[in-house]
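Dear colleague,

Please find below the structure I am handing over to you. A summary of what was found in it follows the display.

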Amino acid sequence: MTSTSEQTDLPLPVMRSGIELVPTQDQPQTGKEYTSDQEVRWCPGCGDYAVLKAVQGFLPDLGLRRENIVFVSGIGCSSRFPYYLETYGMHSIHGRAPSIATGIATSREDLSVWVVTGDGDALSIGGNHLIHALRRNVNMTILLFNNRIYGLTKGQYSPTSETGKITKSTPMGSLDHPFNPVSLALGAEASFVARTIDSDRKHLTAVLSAAAEHRGTSLVEIYQNCPIFNDGAFDAVKSPVTRDEAIIPLVHGEPIRFGSQGLIRDAATGGVKIVEVGDAPDQVSLDDVLVHDAHSPEATTAFAISRLTDAGQLHRAPIGIFRQVARPTYDDLARSQITQASAGATGTRSERLAALIGGGDTWTVA
């Protein structure tokens, strides 16, 4: 694990959900304090740079001690993240970052736990670990960098690559149907699910800040360009010419409008559909446009909205917070059970452990 290079003497902190807060009014932090001395090594133009800068920029605003923050990564280009942050961190093994983070969050209530992963790391070998972290609702924030390609291993198709994608491993085109990470997270009943874009610093920072404040598992999919092996995969939502029509902005409590269009409920399918909004006979009134409710206890509508994402060459995508609800967290419940089990127990810790091991069905081997 990497750690901060020095411990700063600070006034007595306050607590938020078991995590110590830095009294920022007396000693404000800056992004520079969260920047390590390691050389940042990504390809020129990689979207990882923008995400790293955004994270370094908003971490001081959380008001946490640096030693109370830990970043866990798996394997992939994005997994170099812990080296570049002056916090605790672990560069772990392929696909297992959510499992390691679960152990950290459950055993250390005083830590703000983050997972940095990619579409290959999280959705291929790590798929099972990801969905169980989401359904358990462990206190962690998962940043899923989606560039729709394997970058570190030099350009093979990934679980989010579109059908027909020609890569080094699919020279005649991919036969796989791609995962939609947001749909997958909603299907696993994640309590916070969002999508943002690496190049939109303001939106990226706002979404990451909301995810960090959420108690439970937060999953943020980040559309992130790979200029070497999948350049231009997200041009539709990034180009000033097309982004107003391509991005479907999701803001809680506001009608879902984009360009001249909007979303309404589709009575035929039970989902949602895109319509023209206006006063003409063939258009739909603004009053009938669906109002986004990220706090709905049911994820049905959020899931329907997530299905509007193009599975092929990306032309349209909902962007924002799909779901943000409160429900009990795995680690809080586990700690509660431990407290209950410890209540009324007698003897030293060693004696209680020996009694636990020797209790129930035991036998002696001669």
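I begin with one pair of strands and widen the view from there. Strand E7 (residues 192-197) and strand E13 (residues 317-324) are antiparallel partners, joined over 4 bridges. Within this pair, Ala 194 has Ile 321 of E13 as its bridge partner. Please bear in mind throughout that this is a predicted model.

E7 also pairs with E8, here in the parallel sense and over 6 bridges. In that pairing, Leu 219 in E8 is the residue opposite Val 193.

Is E7 enclosed or open? Of its 6 residues, 6 are buried, so the strand is largely enclosed by the rest of the structure. In a regular strand, side chains point alternately to the two faces of the sheet. Both faces of E7 are covered: one side carries Phe 192, Ala 194 and Thr 196, the other Val 193, Arg 195 and Ile 197, and all of these are buried.

The sheet

These strands belong to an open sheet of 8 strands with mixed pairing, in the order E4-E3-E5-E6-E8-E7-E13-E9. Its edges are formed by strand E4 (88-91) and strand E9 (247-250); each has a single partner strand, so one side of each is left without a neighbour in the sheet. On average, and with direction ignored, neighbouring strands of the sheet are turned by 20 degrees against each other.

Two helices should be described together with the sheet. Helix H1 (residues 48-58) packs on it and touches strand E3 (69-73), strand E5 (112-118), strand E6 (140-146) and strand E8 (217-223). The direction of H1 makes about 155 degrees with that of E6. Helix H6 (residues 201-213) lies across E5, E6, E7, E8 and E13, and runs at about 160 degrees to E7.

The loop before H1

Gly 47 is found in the loop between strand E2 (19-21) and H1. Its relative accessibility is 5%, and Gly 47 therefore counts as buried, the limit being under 20%. Leaving aside residues up to four places away in sequence, Gly 47 touches Asp 198, Gln 224 and Asn 225. From Gly 47 to Ala 212 there are 165 residues in sequence and 21 Å in space, taken from C-alpha to C-alpha.

Helix packing and an open helix

Two packed helices are described by the angle between their axes and the distance between those axes. For helix H2 (residues 97-107) and helix H4 (residues 127-136), the angle is about 35 degrees and the axes are 8 Å apart. H2 contributes Pro 98, Ser 99 and Thr 102 to the contact, while H4 contributes His 129, Leu 130 and Ala 133. Sorted by class, this contact holds 3 nonpolar, 3 polar and no charged residues.

Helix H11 (residues 349-358) has 10 residues, of which the number buried is 0, so this helix lies largely in the open. After H11 comes Gly 360, with a positive phi near 75 degrees.

Positive phi outside glycine

Most residues other than glycine have a negative phi. Which values, then, do Asn 137 and Glu 189 take? For Asn 137, phi is positive and near 65 degrees. For Glu 189, which is not a glycine either, phi is also positive, at about 65 degrees.

Asn 137 sits in the loop between H4 and E6, and Asn 137 is buried, its relative accessible area being 0%. Glu 189 is located in the loop between helix H5 (181-187) and E7. Glu 189 has a relative accessibility of 54% and so counts as exposed, for which the limit is over 50%.

The chain as a whole

The chain has 11 helices and 13 strands. Along its principal axes, the C-alpha trace spans about 80 × 55 × 45 Å. A compact globule of 366 residues would have a radius of gyration near 21 Å, and the chain, with 23 Å, agrees with this.

Of the 366 residues, 48% count as buried. Among contacts with a separation of 6 or more, 68% are between residues 24 or more positions apart. The chain exposes about 18000 Å², and carbon and sulfur atoms supply 54% of that area.

With kind regards

Note on methods: Residues are numbered from 1 along each chain as its sequence is written. This is a predicted model: local features need pLDDT of at least 70, side-chain atom pairs count only at pLDDT 80 or more; totals for chains, interfaces and linings use all residues. Side-chain values use heavy atoms; hydrogens and water are left out. Axes are lines fitted to C-alpha atoms, for helices over the stretch in contact, and angles run from 0 to 180 degrees between N-to-C directions. Contact means heavy atoms within 4.5 Å. Ala, Val, Leu, Ile, Met, Phe, Trp, Tyr, Cys and Pro count as nonpolar, Asp, Glu, Lys and Arg as charged, and the others, Gly among them, as polar. The radius of gyration is taken over C-alpha atoms; the globule rule is 2.2 Å times the number of residues to the power 0.38. Buried means under 20% relative accessible area, exposed over 50%, partly exposed in between (1.4 Å probe, protein chains only). Accessible areas come from the Shrake-Rupley method with a 1.4 Å probe; for residues, only the protein chains shown count as cover. Two strands pair if DSSP finds at least two bridges between them.
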